[in-house]
Every structure is written in structure tokens, then in C-alpha cells.
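Hi everyone, thanks for making time for this. Please bring up the structure on your screens, and we'll walk through it together.

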Amino acid sequence: MNTKITFCEECRAEVAYSTVSLPMTGTIKDKAYHYVGQEAHCSHCGSVVYVPEILDANLQELYRIFREENGIISLEMIRAIPEKYAIGKRPLSLLLGWGEQTFSRYWEGDLPTRQYSDMLLRLYHNPQTYAELLEANQGNLKSPHTYQKSRRAVDALLTCSQSDNSKIDSVIQYLLNQCGDITPLALQKALYYIQGFHYAFYRTFLFAEDCQAWVHGPVYRSIYLRYRDYRFDPIRNEPVFDASVFSPEERAIFDSIIRNICCYSGKILEQFTHQEDPWRITRADLPPTAPSNKSIGKTLIGDYFSAVKERYAMESPGDIRLYTQDLFRKTGLLV
């Protein structure tokens, strides 16, 4: 086993050291942020010793907390973008119209500005946005090979996304087959909760399509247009559906949503979503009845439902009932 060694100012010698976890506070832009960091101690005299790697790790943990609390893209997402689109860090920076080293700094851990973070989040979540950027700014790249390689990668992702778009249709068929009756309003909310809890449990989004923050809660526009003629009536049931197209993990989410979400009326579910951050934050200061086609960001949905899973100590999709029962109690006070 390798012994960790550093210099101790008190002992005036190279010494072994140990580490302990401690609550720490750091300041960024005049605001304090609290996190758990590491502190190194000399194994001989117990003094705090300087270890560059530990200080770097503490700084990155501080930055991680800052990112989470301020909606800044995570370091993991930043580092995934070049791999996702088969492009180097410097060419990507040029493609974005930034300085040649700008993206590299963010890849190493520097904090991007809000404007740059929002752009990177759009690229991370939406291959179509990247494809449009690649076409518009390909002249910024120094090699045609760089463009061609990245074009192949994004084309493959777009093809996959088109397949993912059909995923929502398959899920709808499953819901219609399994539910006794479900109105368009309730269907929209079921899809929204499936998207959120699938991410919370499995760290991936099931649907490529974004939902929008409409007056009556999250809405997938294309699904609204498909079923709007039903209005308040239940949608016609799907008599036969092969559920084997889904994995057991996916079906676990769907079945829990059917038991714990679809048991409520569409109007109750509307009140559920009106209490939740993704819809509230996206609509911001809009009047209650003001129309809006603003998309609810996948990051907002993922972060919110991940926090819900943690807050209610959910171990399996069946535990979604803990959240919905609590929401219903709160809604009962509001009605």
C-alpha cells in the first residue's frame, strides 16, 4: 500500500498524513457556501499539512455546491460534451465563437458565466442545437476532418433521438392499456412524472421531447394536439399492447405512476404540479392565467425529482407513493 507523504512545517520533514472530513465554508461572489471537505493532518504531530490535491478537491466540491445552488452546468456535463459530439476541446471552443482556451478552462474546472453555462446546457441536452451550431460555424474549425467526424457523431445522436421520440408514444400506449380510463390532462401529468422519476432512479431521461409550462401544468404539446378533441373525456383504451418492449426497470416506474399518480383526477394532478419547482420556476412571475410555451428544462426536472427521491428516502419506484400521498395532503389544505 502506498503511504501518502507531504511536508510538515512543524516537524520540518516529509511525513505521512491522514485525512478527515469536515464541514467547510467557502465564499464565491460575496456569498458563503457550505460543503464537506477534507483536511490533512501530520501522522506524527497532528498539525494541519498542505496537500495540493486535497485543496484542489475541496475547491471543486465548493464549485459543485455553487453550481447546484445557482443552476450552473455540472463539471461532469461539461466533460461529456466533447466526447458526445466527437470534437476536441479547442475546436469546440472555436465552434462556439469563444477564445481557443475558454472551453478547456471550463473542462479543467473553472466556473462558466451564466450565459456560457446556459449555452453548454443546451448543447448537452439537445443534439439538434449542436447540429445547427456545427453547420453555422463550421468555418471556424481548422480542419474539414474535425467537422466531418463531429457531423457523423451528431447525426447518429439525432437518429437515436428520433427513435426516442417514439418512446413517448409507446409509453402512452402502455398507460392507455393499463389504466381503466385516463383523460388528456391526467395523461400529460403521468408522462411528466414518468420523465422525472425515471431520471431520479436511473439518471437518464426517457423522453427526448420537452414539456412546456402551460396554465394547467406541464404539457407535451404534440400529445395535447393529438388528444385535444377528447377534452375532459377519457381517452379510448388500447386493447392490446406488448409490454415486453420495455425493460423491467421502466415498467417499475410506469406501474408505480399508474398506482400512485393516475389514481388522482387530472385537476388534482394539476394542483400537484403547481406546487413543484419545475413548473413554478419556468413560469416565474407570469399571471396564473397567462398562456406560455416556455419549455421546462430537463435539468430542472431532473434536479427536482432527484431531490424528492432523496428527501423521501425512496429505495424503489414503489416509494413514489410517499411523495404523492404527501402532496395530496397538502392539496387537501388548498382546495
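Let's begin at Asn-237, which sits in the loop between α9 and α10, the latter being residues 248-260. Keep in mind that what you see is a predicted model. Is Asn-237 buried, partly exposed or exposed? Its relative accessible area is 34%, so it counts as partly exposed. Now find Glu-132, which is 105 residues away from Asn-237 along the chain. The C-alpha atoms of Asn-237 and Glu-132 are separated by 39 Å.

To put that distance in context, let's zoom out. Along its principal axes, the C-alpha atoms of the chain fill a box of roughly 80 × 55 × 45 Å. The chain contains 14 helices and five strands. It has 335 residues, and 43% of them count as buried.

Next, the start of the chain. Strand β1, residues 5-8, runs antiparallel to strand β2, residues 13-28. How many bridges join β1 to β2? There are four. One bridge you can pick out by eye is that of Cys-8, whose partner in β2 is Ala-13. The hairpin of β1 and β2 has four residues between the strands, and there Arg-12 takes a positive phi near 55°.

While we're talking about positive phi, here are two other residues to look at. Asp-30 has a positive phi of about 65°, although it is not a glycine. You'll find Asp-30 in the loop between β2 and β3, where β3 covers residues 31-42. With a relative accessibility of 79%, Asp-30 counts as exposed, because the cut-off for exposed is over 50%. Then there is Ala-86, again not a glycine, with a positive phi of about 50°. Ala-86 belongs to the loop between α2, residues 75-84, and α3, residues 89-95. Its relative accessibility is 24%, so Ala-86 counts as partly exposed.

Now for the aromatic rings. How many aromatic pairs does the count come to? The count is 23. Let me show you one of them, Tyr-193 with Phe-305. Their ring centres are 5.8 Å apart and their planes are at 85°, and because planes over 60 degrees apart count as edge-to-face, that is how this pair is classed. Where do the two residues sit? Tyr-193 lies in helix α8, residues 184-202, and Phe-305 lies in helix α13, residues 298-311. The pair therefore ties together parts that are 112 residues apart in sequence. Tyr-193 is buried, with a relative accessible area of 0%, and Phe-305 is also buried, with a relative accessibility of 0%.

A second pair to look at is Tyr-312 with Tyr-323. The ring centres here are 5.6 Å apart and the planes are at 75°, so this pair is edge-to-face too. Tyr-312 is in the loop between α13 and α14, while Tyr-323 is in helix α14, eleven residues apart. Is Tyr-312 buried or exposed? At 17% relative accessibility it counts as buried, because the cut-off for buried is under 20%. Tyr-323, at 1%, counts as buried as well.

These two pairs belong to one picture. Tyr-192, Tyr-193, Phe-197, Tyr-304, Phe-305, Tyr-312 and Tyr-323 form one aromatic cluster.

Rings also meet charges in this model. Arg-79 lies over the face of Trp-107, at 4.6 Å from the ring centre. Lys-84 lies over the face of Tyr-124, at 4.9 Å from the ring centre.

Let's finish with a pocket, the second largest one. Its volume is about 470 Å³. Which residues lie nearest its centre? They are Leu-185, His-216, Tyr-224, Arg-231 and Phe-232, out of 18 residues that line the pocket. The elements giving two or more residues to this lining are α8, α9 (residues 221-227) and α11 (residues 266-274). Helix α8 gives the most, with four residues. That is the helix in which we met Tyr-193. Sorted by class, the lining has eight nonpolar, five polar and five charged residues.

That's my tour. Thanks for listening, and do rotate the model yourselves!

Conventions:
Residues numbered from 1 in each chain as written. Predicted model: local features only at pLDDT ≥ 70, side-chain atom pairs only at ≥ 80, totals over all residues. Heavy atoms only, no water. Pairing = 2+ DSSP bridges. Phe/Tyr/Trp six-rings, centres within 6.5 Å; stacked < 30°, edge-to-face > 60°. Buried < 20%, exposed > 50% of the residue type's maximum accessible area, 1.4 Å probe, protein only. Lys NZ or Arg CZ within 6 Å of the ring centre and 35° of its normal. 1 Å grid on protein atoms, 1.4 Å probe; cavity = no way out; pocket = protein on both sides within 12 Å on 5 of 7 lines; lining within 4 Å. Points joined across faces, edges and corners; volume = space filled by probe spheres on them. Nonpolar A, V, L, I, M, F, W, Y, C, P; charged D, E, K, R; others polar.
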